[in-house]
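Trainee: Could we go through this model together? I would like to see how each label follows from its value.

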Amino acid sequence: MPSSAATERRPAAAVGRMEEEDEDGGRGASGSTAAATSGRFVRCLYAVGFLDLFGVSMVVPLMNLHIKSLGASHTVAGIIGSLYGIMQLFSSTFVGCWSDIVGRQYSLLACILLSALGYFLLGASTTVFLFAISRVPVGIFKHTLSISKALLSDLVSERDRPLVMGRFNAASSVGFILGPVVGGYLTELKDGFYQTSFLCAFIFLLNAGLVWMLPWSEENTGNRECQQGKKGTESFSEKANHDLHFKSTTNGAMASDNLFQSPWIQFTTVLKRIKGIACSDLWDIFLVRLLMSVAILLYYSNFSLALEERFGLKPLFAGYLMSYSSALGVLAGCLLGPITRLYQHNTYRILLHSSTLTCTLILLYASARSIWMVILSSTFLAFSTTIGRTCIIDLELTIGGNEASGTLLGVGQSVTSVGRILAPLLSGIAQEFSPCGPPSLGVGLALAAILIMNANKQKYCSHGNVKLKNQ
């Protein structure tokens with residue numbers, strides 16, 4: 001006959017099991033809610049990327065025509081055009097680092113609203129001076145995509161990051177494809193450029209409203225859990241189950257405190273973080289990004305002119321071919337998930353193989369004897385370049401660590417801006433020798449990037465975080 005103590009323990013044990021089951025059930029319910037919230041958050045960020053490039057691509061193709069209609073010379077138009085690139089070069093790193101300090105919500109809202117101000121001023125520009133002034137806030141604060149990518153990196157696991165980044169790039173590319181069509185239609189109307197600029201400003205305000213309505217109270221948590229989750233191999237939905245529950249009490253509070261710090265303290269913190277990146281062992285990754293960026297820019301630099309000189313084709317055909325490549329780039333972004341699974345989430349191997357394919361295709365284009373070879377190279381180049389761009393960003397965050405994702409992405413954007421400055425100069429020099437000169441030079445630069453990746457293979461494969469000087 002069981003003792004009374006044993007009899008008392010059984011109900012207690014049963015009650016304990018019931019309580020544990022209730023807790024497990026509660027955790028499962030809350031986990032599914034968190035996963036759904038995180039999924040909505042990521043999809044909203046896809047919409048942010050789409051609206052950003054949709055609005056920008058409506059206006060950018062029309063800007064040269066507008067500034068010339070205001071009476072500017074070719075030299076003045078070129079200087080004002082370069083002003084944007086120069087400001088982007090210096091502001092990308094600072095704004096990215098600032099987003100690490102004050103938080104993604106406030107930095108993203110500030111960038112979108114100040115960019116909207118710039119496009120509103122552009123719509124009101126009736127003189128060359130006002131046109132130049134309108135480019136200043138856009139040049140400094142047009143970093144919506146970089147901050148959005150940093151936010152996505154905060155949200156998802158390392159294994160899912162290429163997939164999510166690829167979808168984000170695909171959504172943004174759709175906007176870039178549709179925008180010029182809408183802008184070209186609107187410019188046919190009376191005062192079409194001004195209407196297009198104001199519509200672009202309104203789209204940015206709409207984007208700011210979308211960012212404001214995001215569930216930040218659930219998202220603002222998580223970088224601590226994010227780092228723990230990224231060490232494992234859980235899927236995006238599993239990681240979201242605990243990411244979105246713990247974020248607002250950690251990084252949200254820290255970001256709020258940093259937001260109200262004096263501008264001088266924020267500025268000095270930004271400088272310390274940038275110094276840490278500059279003194280870290282990341283030079284080879286950024287050099288690979290620079291070389292591949294310049295190689296691809298050299299391929300496109302004289303594309304229309306080279307097709308006309310080599311094959312007698314009109315610029316209209318080159319435009320159709322570039323639109324075809326852009327559409328394939330969207331498809332490539334959607335295929336990153338199966339590709340990463342095929343490579344067992346080895347970003348280094350994907351980047352090495354995509355860069356090798358890019359180098360081979362540019363060489364094929366430079367030596368093409370028929371237009372069908374050009375079409376073939378453009379088809380596969382759309383896939384290799386899209387995959388390569390996504391993988392180099394993922395490799396930066398993997399090797400450099402996700403703690404300073406905004407800073408890393410900002411530095412990467414600055415490196416790309418340097419490439420945009422160098423590519424026209426190198427292209428002009430190479431064209432003095434042959435229409436095939438720019439892509440041939442691009443082949444050499446891409447080959448140099450491949451050799452650098454092979455020389456540093458051990459570091460890429462180890463996936464260990466590079467220790468920054470200020471950590």
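**From values to labels**

Mentor: Gladly! This is a predicted model, and a good place to begin is a helix pair: helix 18 (residues 347-366) packs with helix 19 (residues 371-400) at an angle of about 150°, their axes being 8 Å apart.

Trainee: Why are helix 18 and helix 19 called roughly antiparallel?

Mentor: Set the angle against the cut-off: angles over 145 degrees count as roughly antiparallel. The angle here is about 150°, so helix 18 and helix 19 are roughly antiparallel to each other. Their crossing is left-handed, and the residues of this contact divide into 17 nonpolar, seven polar and one charged.

Trainee: What makes helix 4 and helix 5 roughly antiparallel?

Mentor: The reasoning runs along a similar path. Helix 4 (residues 104-123) and helix 5 (residues 128-141) pack at about 165°, with axes 8 Å apart. Since over 145 degrees is the requirement, helix 4 and helix 5 are therefore roughly antiparallel. Helix 4 passes helix 5 in a left-handed crossing. Helix 4 contributes Cys-111, Leu-114, Ser-115, Gly-118, Tyr-119, Leu-121 and Leu-122 to the contact, while helix 5 contributes Phe-131, Ser-134, Arg-135, Pro-137, Val-138 and Phe-141.

Trainee: How do the residues of that contact divide?

Mentor: Into nine nonpolar, three polar and one charged.

Trainee: How do you know that the length of helix 16 agrees with its number of residues?

Mentor: Helix 16 (residues 315-334) has 20 residues, and the expected span at 1.5 Å a residue is 28 Å. The end C-alpha atoms of helix 16 are 29 Å apart, which agrees.

Trainee: Which residues of helix 16 are buried, and what do they pack against?

Mentor: The buried ones are Ala-318, Leu-321, Ser-325, Leu-328, Gly-329, Val-330, Ala-332 and Gly-333. Their partners are helix 7 (161-186), helix 15 (303-311), helix 17 (336-342) and helix 19.

Trainee: Why is Ser-153 called buried?

Mentor: Buried means under 20% relative accessible area. Ser-153 has a relative accessible area of 0%, so Ser-153 is buried. Ser-153 lies in helix 6 (residues 144-155). The C-alpha atoms of Ser-153 and Asp-394 are separated by 8.8 Å, though the two residues are 241 residues apart along the chain.

Trainee: And why is Asp-191 called partly exposed?

Mentor: Partly exposed is the range between buried, under 20%, and exposed, over 50%. With a relative accessible area of 47%, Asp-191 is therefore partly exposed. Asp-191 sits in the loop between helix 7 and helix 8 (192-213). The phi of Asp-191 is near 55°, a positive value in a residue other than glycine.

Trainee: What makes Gln-344 exposed?

Mentor: The cut-off for exposed is over 50%. Gln-344 has a relative accessible area of 67%, so Gln-344 counts as exposed. Gln-344 is in the loop between helix 17 and helix 18, and its phi is near 55°, again a positive value in a residue other than glycine.

Trainee: How many helices and strands does the protein chain have, and what percentage of its residues count as buried?

Mentor: There are 22 helices and zero strands. Of the 471 residues, 51% count as buried. As for contacts between residues at least 6 apart in sequence, 85% of them join residues at least 24 apart.

Key
Residues numbered from 1 in each chain as written. Predicted model: local features only at pLDDT ≥ 70, side-chain atom pairs only at ≥ 80, totals over all residues. Heavy atoms only, no water. Axes fitted to C-alpha atoms, helices over the stretch in contact; angles between N-to-C directions. Helix = DSSP H or I, 4+ residues; strand = E, 2+ residues; numbered from the N terminus. Parallel < 35°, antiparallel > 145°, perpendicular 65-115°, else oblique. Left-handed = near helix turned anticlockwise from the far one by under 90°. Nonpolar A, V, L, I, M, F, W, Y, C, P; charged D, E, K, R; others polar. Expected span 1.5 Å × (residues − 1). Buried < 20%, exposed > 50% of the residue type's maximum accessible area, 1.4 Å probe, protein only. Contact = heavy atoms within 4.5 Å.
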